[in-house]
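Reader: I would like to go through the labels used for this model and check each one against its cut-off. Where should that begin?

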Amino acid sequence: MLNLGKIILHTIVLIGFYQVGLLIQTTFQLFVPGSVIGMILLFIFLSLKVIKVTWIENGARFIVDNLALFFIPVTVGILEYYDVFAGKGALLILIALVSTMLVMGISGATSQWLVRRRAEEHD
Amino acid sequence: MIDFLIGIAAIIGTCIAYVFSVRVHRKWNVTITAPVIISTVLIICVLLIFRIPYETYMLGGEWINHLLGPAVVALAYPLYNQRNTLKKLLVPLIVGTTMGALVGISSGVLMARWAGFEETIIYALTPKSVTTPVAMAVTETLGGIIPLAAVFVMFAGIGGVMIHNLVFRLFRLDHYLGRGVGMGSASHAIGTATLMEDSQLEGSVSTVAMVMSAVVVSIISPALISLLL
């Protein structure tokens, strides 16, 4: 019961950061989603020790561990778009796969190359 | 009043479907049994069998939706936990995930445009490499079909897990940093969970890369899209 109370309290803190993120987004007319701004803010506040990790950790852990629960209602919405993948639409699956392969290979190779180069400089 | 009761029923139903699918996933533990897939299929079946329109289900679904924003905010927590990895490898992490974001957005958008798909579909494909709640927010900003964005994210996650051994060999990713950044940038949480099973080190890099690439993709998507289309 105590844990449930903590989860709710911590989630309220997260909602607060989300609202501030939304406020910043609408005030400055930014393209970056308010939720992402809220996340960056929370990370900065945690790093600067302005807020303690114990104020959010139970709520954050519960949400991150059960992230899928929160987007199920939206994914169910796919039932109104089932025809997108019919016929030519199947090509979209192939496009997503090829693109994923490129992202994985190129991002990984870039960072690997950078870290090895740095290691060589130190030798 | 009746709307309220329907809403409550939808929320409880969604939670039951989720808890059930988590159990199934624990038992079989293959990528294709990811809880979101099983829950979604289950709920769609129930809606179709009982002829319940999606709008009716969303009377409750809407309430769960309200927690999506705070769920993105919560990602600061795993990032904070990995702050030492982040500090130590800051430059390779930033450059790697930014490259990944550029390649992911432009390759997806260009191929889809070349194949002649509508813009609302292309906008849903754009953020496929990032975690679902962020991808949906990005697609919303761009004006694409939001549920479709979630499906593309699933393709990138599950597809990435299926082909990751091949990609690791093809691009000679033999360093834990390369593997972690590659998986986290391309296949978000699904990929990260898979890496975590093999190596804690690769998994923690993947966690950082996943959150970073969510930030980078949401920042550069609108500008990059207007260049490409």
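Author: With the word buried: it applies under 20% relative accessible area, exposed applies over 50%, and partly exposed covers what lies in between. The model is predicted.

Reader: Why is Glu202(B) called buried?

Author: Glu202(B) has a relative accessible area of 11%. The limit for buried is under 20%, so Glu202(B) is buried.

Reader: What makes Glu202(B) and Arg179(B) a salt bridge?

Author: The closest N and O atoms of Glu202(B) and Arg179(B) are 4.0 Å apart. The rule asks for a side-chain nitrogen of Lys or Arg within 4 Å of a carboxyl oxygen of Asp or Glu, and the pair is listed as a salt bridge. Glu202(B) lies in helix α12 of chain B and Arg179(B) in helix α11 of chain B, so the salt bridge ties together parts 23 residues apart in sequence.

Reader: Is Arg179(B) buried or partly exposed?

Author: Arg179(B) has 25% relative accessibility. Buried needs a value under 20% and exposed one over 50%, so Arg179(B) counts as partly exposed.

Reader: How many salt bridges does the structure hold over all chains?

Author: Three. Another of them pairs the side chains of Arg116(A) and Asp174(B), at 3.0 Å from N to O.

Reader: Why is the pair of Arg116(A) and Asp174(B) said to join two chains?

Author: Arg116(A) lies in helix α5 (residues 90-122) of chain A, whereas Asp174(B) lies in the loop between α10 (146-170) and α11 (176-198) of chain B, so the pair joins two chains. The labels of the partners follow from their values. Asp174(B), with a relative accessible area of 54%, is exposed, because the limit for exposed is over 50%. Arg116(A), at 36%, is partly exposed.

Reader: Which helix holds both Glu57(A) and Arg61(A)?

Author: Helix α3 (residues 57-65) of chain A, where Glu57(A) and Arg61(A) are four residues apart, about one turn of the helix. Their side chains meet in a salt bridge at 3.6 Å, N to O, which fits the limit of within 4 Å. Arg61(A) has a relative accessible area of 39% and is partly exposed.

Reader: What is known of the largest nonpolar core?

Author: The largest nonpolar core has 110 residues. Those with the most contacts inside this core are Leu42(A), Val76(A), Tyr57(B), Leu93(B), Leu148(B) and Phe152(B). Helix α12 (residues 200-228) of chain B gives the largest share, 13 residues. Phe152(B) touches residues including Phe85(A), Leu92(A) and Ala96(A), as well as Ile121(B) and Leu125(B).

Reader: How do you know that domain 1 and domain 2 of chain B are in contact?

Author: The assignment gives domain 1 (2-66) and domain 2 (76-228) of chain B. The contact takes five residues from each of these domains, where contact means heavy atoms within 4.5 Å. Domain 1 and domain 2 of chain B bury about 400 Å² between them, with 82% of that area on carbon and sulfur atoms. Thr31(B), Val36(B) and Ile37(B) supply 70% of the area that domain 1 of chain B buries against domain 2 of chain B.

Reader: How many salt bridges does the rule find across the interface of domain 1 and domain 2 of chain B?

Author: Zero. The rule for polar contacts also finds zero residue pairs across this interface, counting pairs with both residues at pLDDT 80 or more.

How values were computed. Residues are numbered from 1 along each chain as its sequence is written. Chains are lettered from A and ligands numbered from 1 in the order in which they are written. Side-chain values use heavy atoms; hydrogens and water are left out. A nonpolar core is a set of buried Ala, Val, Leu, Ile, Met, Phe, Trp, Tyr and Cys residues joined through side-chain atoms within 4.5 Å. Buried means under 20% relative accessible area, exposed over 50%, partly exposed in between (1.4 Å probe, protein chains only). Domain bounds come from an automatic or database domain assignment. Buried area is the accessible area (1.4 Å probe) that two parts lose on being put together, summed over both. A polar contact is a pair of N or O atoms within 3.5 Å; within protein, one must be able to donate a hydrogen and the other to accept it, and residues adjacent in sequence count only if both atoms are side-chain atoms. Lists of a residue's contacts leave out its neighbours within four places in sequence.
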